[in-house]
Amino acid sequence: MSSKLMDYFNKQPRLGVLSTANKEGKVDAAVFGSPMMVDEKTVVMGLGNNRTFAYLQENPNAVFTIMEQGATLADWKGLRVYLKMKEHATSGETLDTYRRKVAEAAGKEAAAMIHASVTFEVGEVRPLIDMGQGWEKSV
């Protein structure tokens, strides 16, 4: 992966959709603005005690989709970032540090909603609309 990916992934403001599935294959999709790419292979985020977190505990695979509207469909930009949860923390220094950062950026109420910090490894990156151009030419 490259620093170009990190720059695009972390660009604000932006929203994305994190898609997960449980062990039976039941899918979920949730809107998030907070995931951050901390190095070229690692994404971290905070989650509530919710369906997304429950599904990740059953099946660690996920996709984070970032979309930017264009004038026409062909002008839309974005990525599909395939992730695998490597670890999560529901207590301890990792979670406390993450909550402090969220409190500074979004307020104490937002930080209080975070049940777990989650660390993902980036597996694959694909364009939002894949026409064989590679992700680098789609952002």
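Okay, let's start with Thr119, which sits in strand 7. Keep in mind that we're looking at a predicted model. So is Thr119 buried or exposed? Its relative accessibility is 19%, and buried means under 20%, so Thr119 counts as buried. And what does Thr119 touch, leaving aside its neighbours within four places in sequence? There's a run of Thr42, Val43 and Val44, and then Lys84, Met85, Lys86 and Glu87.

Strand 7 comes up again with the helices, so let's go to helix 2, residues 51–58. Which of its residues are buried? They're Thr52, Phe53, Tyr55 and Leu56. If you look down the axis of helix 2, those buried residues fall within an arc of 165°, so they line one face of the helix. What do they pack against? Quite a list: strand 1 (16–21), strand 2 (27–32), strand 4 (42–47), strand 5 (61–68), strand 6 (77–89) and strand 7 (116–127). Before we leave helix 2, look at its N-terminal end, which is capped by Asn50. A side-chain oxygen there lies 3.3 Å from the backbone nitrogen of Thr52.

Now helix 3, residues 93–106. Here's a little check you can do yourselves. With 14 residues at 1.5 Å a residue, helix 3 should span 20 Å, and its end C-alpha atoms are 20 Å apart, so the two agree.

The buried residues in helix 3 are Leu95, Tyr98 and Val102. Down the axis, they fall within an arc of 65°, so they too line one face of their helix. Why would that spacing work? An α-helix has 3.6 residues a turn, so residues three or four places apart point the same way. Flip to the other side of helix 3 and you find Glu93, Lys101 and Glu104 exposed. The buried residues of helix 3 pack against strand 4, strand 6, helix 4 (108–112) and strand 7. Just after helix 3 comes Gly107, with a positive phi of about 105°.

Last stop: the largest pocket, with about 510 Å³ of space. It's lined by 24 residues, and the closest to its centre are Ser34, Gly46, Tyr98, Val102 and Ile114. You'll recognise Tyr98 and Val102 from the buried residues of helix 3. Strand 3 (36–39), strand 4, helix 3 and strand 7 are the elements that each give two or more residues to the lining. Which element gives the most? That's helix 3, with seven residues.

Technical notes. Residues numbered from 1 in each chain as written. Predicted model: local features only at pLDDT ≥ 70, side-chain atom pairs only at ≥ 80, totals over all residues. Heavy atoms only, no water. Buried < 20%, exposed > 50% of the residue type's maximum accessible area, 1.4 Å probe, protein only. Helix = DSSP H or I, 4+ residues; strand = E, 2+ residues; numbered from the N terminus. Arc of directions from axis to C-beta. Contact = heavy atoms within 4.5 Å. Polar contact = N/O pair within 3.5 Å; in protein donor to acceptor, adjacent residues only side chain to side chain. Expected span 1.5 Å × (residues − 1). 1 Å grid on protein atoms, 1.4 Å probe; cavity = no way out; pocket = protein on both sides within 12 Å on 5 of 7 lines; lining within 4 Å. Points joined across faces, edges and corners; volume = space filled by probe spheres on them.
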